[in-house]
Amino acid sequence: MAMSLYSLPQISTHRVKAPQICMALTLNNAPPKSVTIKPTPKKPSSNPKREKPNDRVTHSMSPEKIEIFDSLEGWARDNILKYLKPVEKCWQPKDFLPDPTSEGFYDQIKELRERAREVPDDFYVVLVGHMITEESLPAYQTALNTMDGVRDETGASSTSWATWSRAWSAEENRHGDLLSKYLYLSGRVDMRAIEKTTQYMIGAGVDPKFENNPYMGFIFTSFQERATFFSHGNTARLAKEHGDINLAKVCGLIAADEKRHETAYTKISQKLFEVDPDTTVIAFANMIRKRISMPGHLMHDGRDFNLFSHFTAVAARLGVYTVTNYAEVMEHLVNYWKVDQLTGLSAEGRRAQEYVCTLPHRIRSIEERVRDKEKEAPSVPISWVFDRSIKL
């Protein structure tokens, strides 16, 4: 996934307040009515991201809507599971790393490290951010498995929705595995700082704000997978420019996986627009109003609780994921789902339709202001590159 950078880029990263996290919720099999959870006061936390939790709406999908997802079980089996690749046909991390069984193993490592020496630190900050996001996959599968009507009730359910979720996670798992091993062999990064960040992030979880609602959840994943496709693709381009052709190929293959997964998720939402357009367009607008953010938004290394903002600022400066990309993702989804052509909507549905159809233009109108603010950004030490100072 990396679902990842992938909120509207911050205009001024050094003024960003740390994101907030929702309370842990106990989920029942049968969803209750929409509930707003008011957190009880807690002792101050060492992580400022946790100090001011917002009220959270949970289980916002009405119980009768579960019937829609039950009715789509066969459709998902025929139209979504085909976007999974058989394991035997999937690439594996070993295909792109030095072969430990080869007599030339140490020479291969030496060549990898020589290529890595030519790549600047700020590129590695972005690559590490991608890797940590991918390595935090357990938190994402947990979040997806909270969605009413499509969750895996047993952990090994044979439903199409559960089969997709597990196999999607298995395919995504290769991404972080490969990037982690590459970074370890490169010698360019502080692996202990990176490993601590990963552990902190998995422990922190992810707060996608889709209210256990699959209408919103599939909008979220559609957006995220396309954003991640952009990000890994642009990382591949930069790796090639810096002379690391093998790394460029790796990032390109990850981008291709994200594109295939995006296709599946956008087709699910497309089907929901077909069978229940009013609920779906309202979910689209609600999800966008929450500012879809990368699952890594709770990322920190134990001392820098704005690490996610710093990582995304560097990514924006390098052109890996920018406000322009955000607008392009929005435009693509609006056009793919033909949101502007929806008819027969309720008053709320029409307001949602207008909001999402006009948003890309409004985002583009702030591009120049965002670029001007980026020029004012400071440099900060990043633990992943041995606390070397990196311009945001």
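Helix 9 and helix 10 are oblique to each other, since their axes cross at roughly 130°, a value that falls outside the ranges counted as roughly parallel, roughly antiparallel or roughly perpendicular. The model in which this pair is described is a predicted one. Its chain holds 14 helices and four strands, and buried residues make up 54% of the 392 residues. Among the contacts in the chain with a separation of 6 or more, 83% are between residues 24 or more positions apart.

**Helix 9 against helix 10**

- The axes of helix 9 (245–275) and helix 10 (residues 277–289) come within 6 Å.
- On the side of helix 9 the contact is made by S269, L272, F273, E274 and V275, while helix 10 contributes P277, T280, V281 and F284.
- By character, the residues of this contact divide into six nonpolar, two polar and one charged.

**The largest nonpolar core**

- In general, nonpolar side chains in soluble globular proteins tend to be buried together.
- The largest nonpolar core of this model has 110 residues, of which F284, M330 and W384 touch the most other members.
- Helix 8 (residues 214–241) supplies the largest share of this core, with 11 residues.
- F284, which also takes part in the contact of helix 10 with helix 9, touches I219, F273, M330, L333, V334, W337, V339 and V356 when residues up to four places away in sequence are not counted.
- F273 thus appears both among the residues that F284 touches and among those that helix 9 brings to its contact with helix 10.

**Helix 5 and its buried side**

- Within helix 5 (residues 137–144), the buried residues are L137, A139, Y140, A143 and L144.
- Because these residues cover an arc of only 160° around the axis, they lie on the same side of helix 5.
- The partners against which the buried residues of helix 5 pack are helix 4 (121–135), helix 6 (160–186), helix 7 (191–204), helix 8 and helix 9.

**Two residues of helix 7**

- T198 has its place in helix 7 and counts as buried because its relative accessibility is 11%, which is under the 20% limit for that class.
- Leaving aside neighbours within four places in sequence, T198 is in contact with I132, E135 and S136.
- E195 is also found in helix 7, but with a relative accessibility of 45% this residue counts as partly exposed, the class that lies between 20% and 50%.
- The C-alpha atoms of E195 and W384 are separated by 9.4 Å, although the two residues are 189 residues apart along the chain; W384 is also one of the core residues that touch the most other members.

**Positive phi in the loop between helix 7 and helix 8**

- K209 lies in the loop between helix 7 and helix 8, and its phi is near 65°, a positive value in a residue other than glycine.
- N212 is placed in the loop between helix 7 and helix 8 as well, and its phi, near 60°, is likewise positive in a residue other than glycine.
- In accessibility, K209 counts as partly exposed at 22%, whereas N212 counts as buried at 7%.

Conventions
Residues are numbered from 1 along each chain as its sequence is written. This is a predicted model: local features need pLDDT of at least 70, side-chain atom pairs count only at pLDDT 80 or more; totals for chains, interfaces and linings use all residues. Side-chain values use heavy atoms; hydrogens and water are left out. A nonpolar core is a set of buried Ala, Val, Leu, Ile, Met, Phe, Trp, Tyr and Cys residues joined through side-chain atoms within 4.5 Å. Buried means under 20% relative accessible area, exposed over 50%, partly exposed in between (1.4 Å probe, protein chains only). Helices (H or I, at least four residues) and strands (E, at least two) are DSSP runs, numbered from the N terminus. Contact means heavy atoms within 4.5 Å. The arc is that of the directions from the helix axis to the C-beta atoms. Axes are lines fitted to C-alpha atoms, for helices over the stretch in contact, and angles run from 0 to 180 degrees between N-to-C directions. Angles under 35 degrees count as roughly parallel, over 145 as roughly antiparallel, 65 to 115 as roughly perpendicular and the rest as oblique. Ala, Val, Leu, Ile, Met, Phe, Trp, Tyr, Cys and Pro count as nonpolar, Asp, Glu, Lys and Arg as charged, and the others, Gly among them, as polar.
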